[in-house]
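Biologist: Could you take me through the disulfides in this one? I'd like a close look at how the cysteines are paired and where the partners sit.

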Amino acid sequence: SVPSKGKMASYLERAGACVDRAGGPGKYDSASTSNSLSYAENHATCRRSCDVDAFCVGYSVYAPLVGGQVECKTYKAQTSVDMIAGAAPSSGTTCYEKILSPPPSPPPPPQRQRRRRRRRRAPS
């Protein structure tokens, strides 16, 4: 397998349904996944669809306890309000917030300003 170029995404896992910064359910594309695939395969497909989408800020996976469709939601953010802020309790649902590892930043310039220390009076 060829390593993908660009930023590597990692995900912060939270139990429950994703919630955006406005406290709402967020903007997402919902996709029912295949019944013939295992949960792990459906989850991997859902994650991959977020990995390759620059606008995707996370995804959630709903897995019913008994049978049924695994549901994948990929979250898109047009504005910062759409970013995932947390998760609300929701049985069978797990929210994954995408965290991009930033490129290594240059070291900060040396700070010349030193804070002036106030001289404390010696206890008499």
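Modeller: Here's a walk through the cysteine links, one pair at a time. Keep in mind that this is a predicted model. Searching the whole structure turns up 3 disulfides.

Let's begin with Cys18 and Cys95, whose sulfur atoms sit 2.0 Å apart in a disulfide. The link is right-handed, with 110 degrees about the S-S bond. Cys18 belongs to strand β2 (residues 17–20) and Cys95 to strand β7 (residues 93–100), so this pair ties together parts that are 77 residues apart in sequence. Both of these cysteines, Cys18 and Cys95, are buried.

Next up is the disulfide of Cys46 and Cys72, with 2.0 Å between the sulfur atoms. Its torsion about the S-S bond is about 80 degrees, so Cys46 and Cys72 make a right-handed disulfide. Here a helix gets joined to a strand: Cys46 lies in helix α1 (residues 39–51) and Cys72 in strand β5 (residues 71–76), so the pair ties together parts that are 26 residues apart in sequence. Cys46 and Cys72 are buried too.

That leaves Cys50 and Cys56, again a disulfide with sulfur atoms 2.0 Å apart. This link, between Cys50 and Cys56, is left-handed, at -100 degrees about the S-S bond. Cys50 is buried, and Cys56 is as well.

Now for the overall pattern. If you number the bonded cysteines of the protein in sequence order, you get the pairing 1-6, 2-5, 3-4.

Key
Residues numbered from 1 in each chain as written. Predicted model: local features only at pLDDT ≥ 70, side-chain atom pairs only at ≥ 80, totals over all residues. Heavy atoms only, no water. Disulfide = S-S within 2.5 Å. Helix = DSSP H or I, 4+ residues; strand = E, 2+ residues; numbered from the N terminus. Buried < 20%, exposed > 50% of the residue type's maximum accessible area, 1.4 Å probe, protein only.
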